[in-house]
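Work through the exercises below with the model open. Try each task before reading its solution.

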Amino acid sequence: MEKYKVITSMSASYYEKVGKYMLHSWIRKWSPIFRLHVYSEDNIPFEHERVYKESLDQFGEPLQSFLNDTHSNSRSSIFAKKAWPIMHNLKPSKGKLIWIDADVVTEGSITPGYIDRLLGVDNF
């Protein structure tokens, strides 16, 4: 069990647009205790020992069916690719689940102490 689980999602095209900046700043500014799980339908061209690439395919038919049903509404599809990883990680998590958007560039140091002060210890 991870005390902190940090997740995000992005497509390869979004990685090229802004996601690569998020990942590079995350590696530089987040404490080495954290691991980042990146959910994508693509193979993101980024490798780092603290970054775990997760396929959206693991959500199988339920996600694919939703995406097929909302094909005319691209905003719904985009947000589904965020919502499915969040819902998936809420179930088994006994720690703190942290979502970070793929367009966020971290400027300051993020430590476990900062997260604990920000979220509190009794909020979960």
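## Exercise 1: Helices on the sheet

Helix α1 (residues 12-29) lies across β1, β2 and β3 and runs at about 180° to β2. The model is predicted: local features need pLDDT of at least 70, side-chain atom pairs count only at pLDDT 80 or more, and totals for chains, interfaces and linings use all residues. Residues are numbered from 1 along each chain as its sequence is written, and side-chain values use heavy atoms, with hydrogens and water left out.

**Task.** Which strands does α3 lie across?

**Solution.**
1. Take the elements as DSSP runs numbered from the N terminus: helices are H or I with at least four residues, strands E with at least two.
2. Fit axes to C-alpha atoms, for helices over the stretch in contact (heavy atoms within 4.5 Å); angles run from 0 to 180 degrees between N-to-C directions.
3. α3 lies across β1, β2 and β4, and runs at about 160° to β1.

## Exercise 2: The sheet

**Task.** In what order do the four strands form the open sheet?

**Solution.**
1. Two strands pair if DSSP finds at least two bridges between them.
2. The order is β3-β2-β1-β4, with parallel pairing.
3. β3 (51-55) and β4 (96-99) are the edge strands, each pairing on one side only.
4. Neighbouring strands are turned by 25° against each other on average, direction ignored.
5. Inside the sheet, β1 (residues 4-9) pairs with β2 over four bridges, in the parallel sense. Ile 7 stands opposite His 37 in β2.

## Exercise 3: The loop between β4 and α4

**Task.** Glu 107 and Val 105: exposed or partly exposed?

**Solution.**
1. Apply the cut-offs: buried is under 20% relative accessible area, exposed over 50%, partly exposed in between (1.4 Å probe, protein chains only).
2. Glu 107 is in the loop between β4 and α4 (112-119). Glu 107 is exposed because its relative accessible area is 64%.
3. Val 105 lies in the loop between β4 and α4. Its relative accessibility is 41%, so Val 105 counts as partly exposed.
4. Now look across the sequence. Glu 107 and Arg 28 are 79 residues apart in sequence, yet 9.2 Å apart in space, C-alpha to C-alpha.
5. For Val 105 and Leu 23, the values are 82 residues in sequence and 8.0 Å in space, C-alpha to C-alpha.
6. Leaving aside neighbours within four places in sequence, Val 105 is in contact with Tyr 21 and Ser 25.
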